Amino acid sequence: MQMHPSKAPGPDGFSPAFYQKFWHIVGNDIVEAVQCFLESDSATSQINSTHVASIPKVKNPEFLSQMRPISLCNVLYKIGSKVLANRLKPLLQQLISPFQSAFIPGRLISDNSLVAFEIAHFLKRKRERNVGYGALKLDMSKAYDRIEWNFLEASLIKLGFHQTWVNWIMRCIRTVSYSFILNGEPRGLIKPTRGLRQGDAISPYLFLICAEVLSLMISMAESQGRLQGLKICNRAPSISHLFFADDSFIFFKATAPACEVLNEIFTNYELSSGQKINLDKSSISFSHNVHLDQQEALALILNVNRVDKHDKYLGLPMEISYSKVEAFGFLKEKIQKKLNGWREKYLSAAGKEVLIKAVIQSFPTYVMSCFELPN
């Protein structure tokens, strides 16, 4: 009942609306089927076939890399997967460090973005010559598709999950098969050996668990004194990294040994998890008290691009210039495009302009509501 009624159906052709409307007829059979597939690989395989549809990332795609594959699972499978996801969600607050904020009940995307913006402001204003810092923005290449199943299973066991639970999770992952929608028809049959499906209710939470391994590796290096995080003032906590799904920031004292430690961590994580850092899309910026020659040398050690500043994080500008119109112009354009869609016939031009202004002006109020003020 938590699913949107018109979600795209999988190979069996039934949408969630069918099960919601006729639950009084099929409900008992569905419960029995879910219990059965949790206990049997063969039963899971029968309902775990998946259609893959490709959604364009750009207006006129010319390459496959410009398409985003989305998995369309059978709703019967989704019900079982959703049951497992609902059991897992209440535990995430204790399992996942505060450096990750995606998909975790009680945490917001604004948690990471506001901290990142404060750090960007700190780096911009820091001019003392004693300690300089770097802000490394990582891009994970095909993050969901590369996860090694053995790595995920080992991570679940290490976190203390019971073997029965681990078996349920791995059964959902290992019994999947794919067919691709081409010209409206399913073609081919592929049985993967790694990766998580985008479209499966449990996948975002499993990805968080995998990313937590990288988070723990960075935190351990910091506790051992091999890395030094960033403090924006004397009494502030040290912040070494911020993760939002596969969008990652790492903050560290800008030294060559620190860069070597990060390279070691990245290599070990890639080898064990199957993940691959996209160095071409990754970049690093530095506080103003790091000399340009040193910036270039450190960027070369990490093999990433040096930038004067990171433009955006989680869709918002990292730094705001004196021209607010220039900084937030993209926001007005995005809202305008949305309003030009299905709501167009309901709003006049004047009504659209009023709505856009109201949305933009509400941001300061929303941002302040994210802070807990002292009594």
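## Contacts and overall make-up

Two residues are in contact when they have heavy atoms within 4.5 Å. Take the contacts in this chain with a separation of 6 or more: 66% of them join residues 24 or more positions apart. Keep in mind that this is a predicted model.

The chain runs to 375 residues, and 43% of them are buried. Along the way you'll meet 14 helices and 11 strands. As for the outside, the accessible surface adds up to about 21,400 Å², with carbon and sulfur atoms supplying 56% of it.

## The largest pocket

Rolling a probe the size of a water molecule over the atoms shows where empty space is left. Here, the largest pocket holds about 1,300 Å³ of space. Its lining is made of 37 residues, and K57, P69, K142, D145 and Q198 sit closest to the centre.

Which elements give two or more residues to that lining? They are β1 (49–56), β2 (67–73), β3 (133–139) and β4 (177–182). β2 makes the largest contribution, with five residues. Sorted by type, the lining has 19 nonpolar residues, 11 charged ones and seven polar ones.

## The nonpolar cores

Now for the inside. The largest nonpolar core brings together 72 residues, and the ones touching the most other members are L88, L136, L152, I169, L227 and F252. Helix α9 (residues 203–223) gives this core its largest share, 10 residues.

L88 is a handy place to zoom in. Setting aside its neighbours within four places in sequence, L88 is in contact with L95, F161, W165, I202, Y205 and I209. Another core lies apart from the largest one; it has 12 residues, including A116, I119, A135 and I239.

## Two residues with positive phi

Most residues other than glycine have a negative phi. What is the phi of K142? It is near 50°, a positive value in a residue that isn't glycine. You'll find K142 in the loop between β3 and α7 (149–158). K142 counts as partly exposed because its relative accessible area is 42%, which falls between the 20% limit for buried and the 50% limit for exposed. This is also one of the residues closest to the centre of the largest pocket.

N303 is another case: its phi is positive, about 60°, although N303 is not a glycine. Where is N303 found? Look in the loop between α11 (292–302) and β9 (305–306).

Terms used: Residues numbered from 1 in each chain as written. Predicted model: local features only at pLDDT ≥ 70, side-chain atom pairs only at ≥ 80, totals over all residues. Heavy atoms only, no water. Helix = DSSP H or I, 4+ residues; strand = E, 2+ residues; numbered from the N terminus. Buried < 20%, exposed > 50% of the residue type's maximum accessible area, 1.4 Å probe, protein only. Areas by Shrake-Rupley, 256 points an atom, 1.4 Å probe, with all protein chains shown as cover. 1 Å grid on protein atoms, 1.4 Å probe; cavity = no way out; pocket = protein on both sides within 12 Å on 5 of 7 lines; lining within 4 Å. Points joined across faces, edges and corners; volume = space filled by probe spheres on them. Nonpolar A, V, L, I, M, F, W, Y, C, P; charged D, E, K, R; others polar. Core = buried A, V, L, I, M, F, W, Y, C linked by side-chain atoms within 4.5 Å.
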